[in-house]
Amino acid sequence: MISDKLRDRANTFAKEIQTLLNRTIADYVQIKAVALSTGDDRLFSLGHLLHKSTMAAQRFPLKPCRGKAELWMDVSFQLRLDAEREHLMVQQSFVGVFGSQTAKHGLFHYDYERNKADGYPDAHLQVEAQSDLFDKVNNPRTDAGRSFPQLHFPVGGKRFRPCLEDVIEFLIVERLVESKDGYEKVIEAGREGFRKNQLKAAMRRDLATVMEFVELHDLRSRA
């Protein structure tokens with residue numbers, strides 16, 4: 001059975017993501033947390049209007065700075081507890097921006113898949129664009145038919161990948177979407193929390209470096 005700890009923390013995380021989106025660039029987003037019915041007792045899926053019958057998150061509309069255009073955002077997460085069953089951990093995440101509710105190709109998307117098995121970076125960015133230079137350097141013998149949008153740009157790895165707040169800020173500062181008053185404080189608070197959590201996770205997995213830092217800066221004697 002799903003542990004109460006995982007359920008409670010997944011629901012809390014869903015509310016945080018929902019609040020972040022609705023206070024910066026979206027309206028009426030409803031992030032739902034649903035336990036995956038795969039026999040895995042340690043996995044939750046999160047997304048807008050996610051329903052257990054489909055397990056597919058729905059896209060939600062943004063307000064482009066150019067009023068006649070359409071922009072839709074796709075945000076989803078899979079969460080589980082870590083190996084110690086103590087801390088919430090992102091297993092997978094997807095953040096993309098598209099031109100319609102059903103379009104297969106969009107502006108860009110950020111993907112994260114923990115321990116990705118196909119050789120591509122766990123955390124990566126793919127951009128829907130064209131490049132004459134890429135067409136020249138792409139090897140037709142080994143990669144015939146490969147396009148620029150299929151390139152996986154690494155973005156910080158497991159610990160220091162971009163967060164949802166970074167993507168929201170990008171859309172605003174590049175004048176692609178309209179923002180809400182006070183969005184800066186919302187973004188900065190969320191990003192600070194994300195970075196602290198990632199730092200704590202890195203410290204838990206590398207105690208030797210933590211102790212080295214403590215000894216180097218003589219923190220024990222100052223405490």
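This passage describes the pockets, two helix pairs and one strand residue of a predicted model.

The largest pocket of the predicted model has a volume of about 1,200 Å³, and its lining is made up of 45 residues, among which Phe 13, Val 90, Phe 194, Asn 197 and Gln 198 lie nearest the centre of the pocket. Both helices and strands take part in this lining, since at least two residues each are supplied by helix H1 (4–22), helix H4 (157–160), helix H5 (164–173) and helix H6 (183–204), and likewise by strand S4 (72–81), strand S5 (88–98), strand S6 (106–113) and strand S7 (123–127). Of these elements, H6 gives the most to the lining of the largest pocket, with 10 residues. When the lining of the largest pocket is divided by class, 23 residues are nonpolar, 9 are polar and 13 are charged.

The second largest pocket holds about 320 Å³ of space and is lined by 20 residues, with Ser 76, Gln 78, Gln 92, Ser 93 and Phe 94 lying nearest its centre. Strand S2 (44–48) contributes at least two residues to the lining of the second largest pocket, as do S4, S5 and S6, and the largest share, 4 residues, comes from S4. By class, the lining of the second largest pocket comprises 9 nonpolar, 7 polar and 4 charged residues.

Helix H5, which is named above among the elements lining the largest pocket, also takes part in two helix pairs. In the pair of H5 with H6, the axes come within 9 Å and cross at roughly 150 degrees; because angles over 145 degrees count as roughly antiparallel, H5 and H6 are therefore roughly antiparallel to each other. The crossing in which H5 passes H6 is left-handed. On the side of H5, the contact involves Glu 165, Asp 166, Ile 168, Glu 169, Ile 172 and Val 173, which meet Tyr 183, Ile 187, Gly 190, Arg 191 and Arg 195 on the side of H6. The residues of this contact between H5 and H6 divide into 5 nonpolar, 1 polar and 5 charged.

In the pair of H1 with H5, the axes are 11 Å apart and the helices pack at an angle of about 10 degrees; because angles under 35 degrees count as roughly parallel, H1 and H5 are therefore roughly parallel to each other. The contact is made by Ile 17, Leu 20 and Leu 21 of H1 together with Leu 164, Glu 165 and Ile 168 of H5, and by class it has 5 nonpolar, no polar and 1 charged residues. Glu 165 and Ile 168 of H5 thus appear in the contact with H1 and also in the contact with H6.

Among the strands, S6 is named in the linings of the largest pocket and of the second largest pocket, and Gly 106 is found in this strand. The C-alpha atom of Gly 106 is separated by 9.0 Å from that of Trp 72, a residue 34 residues apart from Gly 106 along the chain. When residues up to four places away in sequence are not counted, Gly 106 touches Val 97, Phe 98 and Glu 128.

Technical notes. Residues numbered from 1 in each chain as written. Predicted model: local features only at pLDDT ≥ 70, side-chain atom pairs only at ≥ 80, totals over all residues. Heavy atoms only, no water. 1 Å grid on protein atoms, 1.4 Å probe; cavity = no way out; pocket = protein on both sides within 12 Å on 5 of 7 lines; lining within 4 Å. Points joined across faces, edges and corners; volume = space filled by probe spheres on them. Nonpolar A, V, L, I, M, F, W, Y, C, P; charged D, E, K, R; others polar. Axes fitted to C-alpha atoms, helices over the stretch in contact; angles between N-to-C directions. Parallel < 35°, antiparallel > 145°, perpendicular 65-115°, else oblique. Left-handed = near helix turned anticlockwise from the far one by under 90°. Contact = heavy atoms within 4.5 Å.
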